[in-house]
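Let's take a walk through this one together. Have the viewer open and follow along as we go.

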Amino acid sequence: MIHSGVVAPEGEPGAGRLACQPMNPPVPEILQEALATVLVASGIERAPADIHVERTTRPDHGDWFTNLAMVVAKPAGRAPRELAADLADRLKAHPPLHVDKVEVAGPGFINFHLGHGWLEDILARLLEAGEEGYARPDLGHGEKVQIEFVSANPTGPLHVGNGWLCSFGDTLARLLERCGHRVSREYYVNDTGGQVRRLGESLLARVRREEVPEEGYQGDYVTELAGHYPGGSEDDVTEAGRWAAARILDNIRGSLGRLGIRFDEWFSQASIEEGGAVAETLQLLSSRGLVYEKEGATWLRTSDLGDSRDRVLIKSNGDITYLGGDIAYHRNKFLVRGFDRVIDVFGADHHGQVASLRAAVAALGVDPESLEIHLGQMVSLVGAKMSKRAGNFVSLDSLLDDIGKDAFRLLSLMKSINEATTLDLDLVRRQTMDNPVYYVQYAHARISSIGRVRAERGIAMVPVAEANFSLLTHPRECELIRCLDELPDVVADACVRREPFKVTNWVRKLADRFHGFYHDCYVMGEGVAPDLTQARLHLVEGARIGFSIGLGLIGVSAPESM
RNA sequence: GCCCUCGUAGCUCAGUGGAUAGAGCGCCGGCCUCCGGAGCCGGGUGCGCAGGUUCGAGUCCUGCCGAGGGCGCCA
């Protein structure tokens with residue numbers, strides 16, 4: 001932490017100076033407003049609702065550009081380049097804030113070259129907002145959203161694949177929270193039905209020192225649990241299964257804790273199936289004429305609602321199907337607890353239930369748009385598939401023992417969950433020393449180190465308002481500030497598109513920019529003027545804020561030293 | 001057979017319809033007088049195939065090829 005030793009007391013001149021100076025609006029707003037104005041002046045009647053301005057990818061294209069002329073030209077019956085030139089001329093007559101140069105290029109792009117004041121504004125805005133306020137777009141407006149993830153059956157420890165989606169769900173939850181949603185994390189506990197009975201059978205078999213049935217759970221953990229089983233009626237498989245499931249659930253909680261994940265709700269499937277929820281749900285569906293009896297079973301007309309066929313809710317033996325319980329569960333989410341939006345995160349092996357569930361939610365009278373289902377593609381190991389029943393999975397705990405929480409979270413949040421992953425455990429373990437996590441954390445440790453050296457040398461930081469950011473003209477400094485400028489957009493984008501890995505990519509980019517800055521721009525080196533030192537100290541603080549926000553979102557710790 | 005996801009550099013992956021497609025790893029070669037060298041700088045190869053939409057396609061549409069997953073009165 002870098003804290004000023006000379007923070008001006010409140011009320012004195014200087015302390016509130018920043019707040020008194022109205023902050024300039026961000027560049028996109030400045031450009032959009034200017035473009036809207038010249039568009040009208042140029043005789044274009046209907047301006048697009050959303051005028052698109054973007055950062056350029058190449059320096060010779062300036063800093064920002066718009067495709068506005070090309071978008072508007074055709075409906076207006078004008079040539080794109082001609083219109084672009086017209087707009088550019090009008091902009092040049094009254095240049096918007098920070099705009100040094102306006103150019104028309106290519107098929108009709110308008111490029112903006114900005115002055116250094118742009119970067120100074122970015123840094124000032126970032127430092128004023130701080131870790132709490134920066135990159136906190138209010139996209140949700142308090143929307144009440146529930147996110148259910150993992151929900152692995154308590155029939156065995158979490159494996160690496162489970163952990164992968166844990167990272168996704170938890171970081172998505174953090175993103176939603178940061179972007180103005182009220183988020184509840186939920187774990188649906190399958191503590192009833194066939195899986196539990198099967199677990200109980202496996203346990204009792206081990207208690208009797210017999211082989212586990214073929215369809216049972218073969219893992220060593222069952223044998224271990226059997227050693228502690230207090231008994232009970234020897235043939236009550238449900239009782240045995242529930243006892244084992246409770247133990248395993250404790251283990252799962254522990255693994256999640258190691259990953260920094262806490263659930264707000266552990267929702268019992270038994271509470272749904274053994275309470276009145278299913279009956280109430282059936283009644284609702286019946287009243288809509290969507291339920292019928294056939295061959296002794298109770299069916300839901302899901303084929304009327306986008307599913308490929310109808311589905312059974314109550315088996316002919318009277319048992320509730322998984323779907324039957326799941327519908328009641330989703331009725332509870334939407335209609336009982338009143339979530340505005342429900343997000344389910346499943347593994348791709350649950351693909352088969354998506355259409356049914358969507359149809360079922362529609363059958364409940366809930367807007368299907370408010371149910372989001374994200375399928376994470378399979379995570380497997382080189383040369384092996386993980387199977388809980390066969391007991392040949394790699395547990396999340398053992399991998400965490402090897403590489404640690406930070407490396408695991410970063411690793412699991414580096415790419416889209418739409419992409420299948422095959423882990424080479426040897427490689428992952430070996431990569432430990434040149435894992436991206438070190439690159440990122442080392443950058444943060446260097447920031448802390450700068451703070452320590454500053455304290456040792458007794459250098460006090462001046463207030464932000466007294467720092468002269470116009471001195472930060474080194475290319476490394478400019479690149480670092482530009483990177484920090486992207487964070488609010490990255491957070492919003494990652495949230496809206498449900499793509500947490502974008503945050504990881506950004507953090508890595510920030511680390512890259514910071515290492516470059518650190519290498520070329522000594523903050524307190526010999527011959528660095530005091531004013532420049534002050535400006536750079538604030539830039540370093542800005543980077544620290546960026547790391548804190550980014551690493552906080554992906555759940556990776558920001559160490560003071562390595 | 002039908003449905004979903006994916007195919008971009010040797011490998012792992014980025015790339016809201018924009019201009020000359022980018023990182024990391026690996027490989028080769030440089031850089032420690034000062035805040036931590038777990039760092040910095042330089043070096044090169046690529047959008048599975050074929051059509052279509054568009055001023056403009058890695059991105060959107062159709063078909064094909066290839067990989068993974070799914071199509072139960074299992075969960």
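Before we look at any strand, one term: a residue counts as buried when its relative accessible area is under 20%, as exposed when that area is over 50%, and as partly exposed in between. Keep in mind, too, that this is a predicted model.

With that in hand, go to strand β11. On one side of β11 you'll find R341, I343, V345 and G347, while V342, D344 and F346 point the other way, and all of them are buried. In fact 7 of the 7 residues of β11 are buried, so the strand is largely enclosed by the rest of the structure.

What does β11 pair with? One partner is β5, which pairs with β11 in the parallel sense over 4 bridges. Here I147 stands opposite I343 of β11. Another partner is strand β12 (residues 371-376), joined to β11 by 6 bridges and also running parallel. On that side, look for D344, which stands opposite I373 in β12.

Now for the charges. Side chains of opposite charge can pair when their charged atoms come close. The structure holds 39 salt bridges, and one of them brings us straight back to β11: the side chains of E143 and R341 meet at 3.4 Å, N to O. E143 sits in strand β5 (residues 143-148) and R341 in strand β11 (residues 341-347), so this pair ties together parts that are 198 residues apart in sequence. The two ends fall on either side of the burial cut-off of 20%: E143 is partly exposed, with a relative accessible area of 21%, whereas R341 is buried at 19%.

A second salt bridge links D170 and R185, whose closest N and O atoms are 3.0 Å apart. Since D170 lies in helix α6 (residues 160-178) and R185 in strand β6 (residues 181-189), the pair ties together parts 15 residues apart in sequence. Both D170 and R185 are buried.

Then there's K405 with D406, whose side chains form a salt bridge of 3.4 Å, N to O. K405 is partly exposed, at 27% relative accessible area, but D406 counts as buried at 16%. Salt bridges that share partners also build a network, which joins D170, R174, E177, R185 and R409.

Stay with the polar side chains for a moment and find D397 in helix α14 (residues 396-412). A polar contact of 3.0 Å joins the side chains of D397 and S255. Setting aside neighbours within four places in sequence, D397 is in contact with N251, S255 and R258.

Now switch to the nonpolar side. Which residues touch the most other members of the largest nonpolar core? Among its 135 residues, those are F514 and F547. Helix α19 (residues 530-554) gives the most to this core, contributing 12 residues. If you center on F547 and skip neighbours within four places in sequence, its contacts are V440, A443, H444, I447, V507, L510, A511, F514 and G552. There's also a second, separate core of 29 residues, which includes F267, L300, V354 and A360.

Finally, zoom out. Chain A is divided into domain 1 (27-115), domain 2 (120-138 + 435-554) and domain 3 (149-273 + 330-427). Taken over C-alpha atoms, the centres of domain 1 and domain 3 are separated by 51 Å.

Notes
Residues are numbered from 1 along each chain as its sequence is written. Chains are lettered from A and ligands numbered from 1 in the order in which they are written. This is a predicted model: local features need pLDDT of at least 70, side-chain atom pairs count only at pLDDT 80 or more; totals for chains, interfaces and linings use all residues. Side-chain values use heavy atoms; hydrogens and water are left out. A nonpolar core is a set of buried Ala, Val, Leu, Ile, Met, Phe, Trp, Tyr and Cys residues joined through side-chain atoms within 4.5 Å. Buried means under 20% relative accessible area, exposed over 50%, partly exposed in between (1.4 Å probe, protein chains only). Helices (H or I, at least four residues) and strands (E, at least two) are DSSP runs, numbered from the N terminus. Contact means heavy atoms within 4.5 Å. Domain bounds come from an automatic or database domain assignment. A salt bridge is a side-chain nitrogen of Lys or Arg within 4 Å of a carboxyl oxygen of Asp or Glu. A polar contact is a pair of N or O atoms within 3.5 Å; within protein, one must be able to donate a hydrogen and the other to accept it, and residues adjacent in sequence count only if both atoms are side-chain atoms. Two strands pair if DSSP finds at least two bridges between them.
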